[in-house]
Amino acid sequence: MSISFHIKNPKKLFRHMPVLTVQECFQLSSQPLAQFSFDEHDEDFDLQQFQALPLSDFECLLLGVNEKSGRGFELSFDEDTQEYAVREFTPSTLEDWQIALQYLADLARALKQPITCETGETFTADTIQTFDFKPDIQAGISMVPFEDEDEIQNYKFYGVTRPVALNKEIRDKILADNDPLAAFSRLMRETQWLDAYSAHQMIGKNSDTGELVGFYVLNPELPTILPYQPEIEYGTDLDISNNDISSWRLIFTNDDDSPTELPYETFIARLPKEKYRFIDAAYILLEAFTKDELAQLAIE
């Protein structure tokens, strides 16, 4: 679910203006916007080339503000309708909405065009901040689906940096808070901006059996976020499901020795309770382990 807003590309001398480049989309903002669609630390990422491309070259860009955004917002351009679109997810955080509405005001002011919401309402750069987004957040939290109100099942939202999993217990706790919208916003913001490394899921093939194996890597001296029970994550390049994975493994790295590998369930069973905490319904934050502590975990 989501709510979208549209701004027409203006015309000059009976022709539409050129589509804004990514850099121009950032420059018109009164906020320190960041993009979360691409990893700018990737050695293959060309920042200058990216910024020089027109927005229409991308299906959409996920934007937000570092340390503030929970889910961010999507910015796109439709060449058929000649419209810029800002899409906010349901539910998003209070901060997400404030950032998105301010960007809409900045974009409308730069283009000298009105803003049309998918609900049929029309706003200007000066009135868009009056849009009442709070019912959308409340409805989105309330409608998080749990089949037969299952306490164990979890439902994932995708944030600007990582997924966040809710279960019925967490959802009900949010709804029972004196300020449910603030409670949900706090959960999303805190899970996105933890001072820890989010371990990346990798899928490999057993050279002997041809079976697919999922694994994560744990480095010493580094606080790390890992799933408590791994499953195929959204965004994988492979068209596979959890049933296609024969086993999950965890690899310990060491600068001096060869990597050590453990079945994931064995690793979780051996984890000292005082060394980790749940950050939501599915992910745990591990304190930094020393090399010696990792070596002890790996002892058969």
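Student: How much space lies in the second largest pocket?
Tutor: Happy to help! This is a predicted model, in which local features need pLDDT of at least 70 and side-chain atom pairs 80 or more, while totals for chains, interfaces and linings use all residues. A pocket is an open set of points on a 1 Å grid with protein on both sides within 12 Å along at least five of seven lines. Filling the second largest pocket with probe spheres set on its points gives a volume of about 390 Å³.

Student: Which residues are closest to the centre of that second largest pocket?
Tutor: The lining (residues with an atom within 4 Å of a point) has 15 members. Numbering runs from 1 along each chain as written, and side-chain values use heavy atoms, without hydrogens or water. Closest to the centre are I170, K173, I174, L187 and I279.

Student: Which element gives the most to the lining of the second largest pocket?
Tutor: Helices (H or I, at least four residues) and strands (E, at least two) are DSSP runs numbered from the N terminus. Elements giving two or more residues are α5 (168-176), α6 (180-192) and β18 (276-278). With five residues, the top contributor is α6.

Student: How many helices and strands does the chain have, and what box do its C-alpha atoms fill?
Tutor: The chain has eight helices and 19 strands. Along the principal axes, its C-alpha atoms fill a box of roughly 75 × 45 × 35 Å.

Student: What percentage of the residues count as buried?
Tutor: The chain has 300 residues. Taking buried as under 20% relative accessible area with a 1.4 Å probe, protein chains only, the share is 44%.

Terms used. Buried means under 20% relative accessible area, exposed over 50%, partly exposed in between (1.4 Å probe, protein chains only). On a 1 Å grid over the protein atoms alone, a cavity is a set of points where a 1.4 Å probe fits but cannot get out, and a pocket is an open set with protein on both sides within 12 Å along at least five of seven lines; lining residues have an atom within 4 Å of a point.
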